[in-house]
Protein chains: 2
Amino acid sequence: MLAMTKKTGYGLIAMTHLARLPQGHLASAREISEHYEIPLALLMNILKELASAGYVKSVRGSHGGYHILKPPNEVNFVGLMEVLEGPMKLAECVMEDVSGGLDNGKCELMEKCPISDPIHRVHRRIRDFLIELTLADVMDSPPADAVAR
Amino acid sequence: MLAMTKKTGYGLIAMTHLARLPQGHLASAREISEHYEIPLALLMNILKELASAGYVKSVRGSHGGYHILKPPNEVNFVGLMEVLEGPMKLAECVMEDVSGGLDNGKCELMEKCPISDPIHRVHRRIRDFLIELTLADVMDSPPADAVAR
DNA sequence: TTGAAATAGTACGTCAGAGGTCCTATATAA
DNA sequence: TTATATAGGACCTCTGACGTACTATTTCAA
């Protein structure tokens, strides 16, 4: 259904929250979980993944928590989504090559597929749009036209 | 994720196939199924749904089959996708109102959701892009820039 | 030095939906 | 009247989204 997962949604919320903290401050998984009513255990898993991907830094122990590592304008939607749900593909036949660069538009799954090329193009358009979209865009809600117009 | 389903893929292929038939000709589910190696029973279900949605006309009986009803440039991606997989939503909180018109950007699921507005905007951007995209665009593969640039 | 509070790592459980099959009824051409 | 279509269902299976649980480790503070 062309949907992102809840994990990505929760991840975005957490990142937004962390990005808004005053410099040097931490937020614990529990805090965030309670503030937005996100299941704690799930959010912890998400933050673990974000930490090991280098998006946030964790501080263990009592009074520990997380703070953001990347500046919001360097966190793009696709990157974050792929950390939490794996490679984005509009259709199964769309394989990004390892470099994350251009895919060649070939469908490995179906001979004679008449829609392989256009699907690859659409995939790329959406992907490019979402790569341009950063956490910074997501954070300043009011200005509605900040995005790729 | 952010994927369309195989049903939509198969539906697009079938529509493309039908759109390319000479005027007055039919193609049966079996033909299409064999040509593109799509599971027959599944494709039949898809064609049934497309028929009851008015995208194709069915002709029953021996030598029956389907022909396309809508002109390719009037078949948009979102419409077809929503026939086959239900309403498109980038996130659960994105509810299209009944008119198919503007959603209001409010999240009914989560109080204090800090990303509701931007998510709704992104949803709308992708949706608008995919609405502009028609079967006609999908059919002429080579021209790569026909789409919403 | 001990306990509470936090993250790390990992494994597991559940359930809806994607993907696919099958059966019966009906229409139509030969 | 038979073969070949579609119509309309019901049904099945398996994967992945979503969420839980447990143990280990780190750190602060009483």
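# Two chains and two DNA strands

Visitor: Which elements each supply at least two residues of the surface near DNA strand C?

Guide: This is a predicted model, in which local features need pLDDT of at least 70 and side-chain atom pairs count only at pLDDT 80 or more, while totals for chains, interfaces and linings use all residues. Residues are numbered from 1 along each chain as its sequence is written, with chains lettered from A and ligands numbered from 1 in the order in which they are written. Elements are DSSP runs numbered from the N terminus (helices H or I, at least four residues; strands E, at least two), and a residue is near a strand if its C-beta atom, placed from the backbone, lies within 6 Å of it. The elements are α2 (29-36), α3 and β2 (65-68) of chain A together with α1 (6-19) and α3 of chain B.

Visitor: Which element gives the largest share of that surface near DNA strand C?

Guide: DNA strand C is surrounded by 29 residues, the closest being A:S58, B:T5, B:P39, B:G61 and B:S62. The largest share, six residues, comes from α3(A).

Visitor: And which element does so near DNA strand D?

Guide: Around DNA strand D there are 29 residues, and A:T5, A:P39, A:G61, A:S62 and B:S58 come nearest. Elements giving two or more residues there include α1 (6-19) of chain A and β2 (65-68) of chain B. The largest share, six residues, is that of α3(B).

Visitor: What operation superposes chain A on chain B, and what relation is that?

Guide: The copies are superposed by least squares on the C-alpha atoms of residues with pLDDT of at least 70 in both. The operation is a rotation of 180° with 0.0 Å of shift along its axis, at RMSD 0.1 Å. That is the relation of a two-fold axis.

Visitor: Which C-alpha of chain A is nearest the axis?

Guide: The axis is that of the 180° rotation. At 2.1 Å from it, the nearest C-alpha in chain A is that of A:L2.

Visitor: Is A:G9 buried or exposed?

Guide: A:G9 lies in helix α1 of chain A. A residue is buried if 20 or more other C-beta atoms lie within 10 Å of its own, exposed if 12 or fewer, and partly exposed in between, with C-beta atoms placed from the backbone. Because A:G9 has 26 C-beta neighbours inside 10 Å, it counts as buried.

Visitor: Which residues does A:G9 touch, not counting those up to four places away in sequence?

Guide: Two residues are in contact if their C-beta atoms, placed from the backbone, lie within 7 Å. By that criterion, A:G9 touches A:M4 and B:A91.
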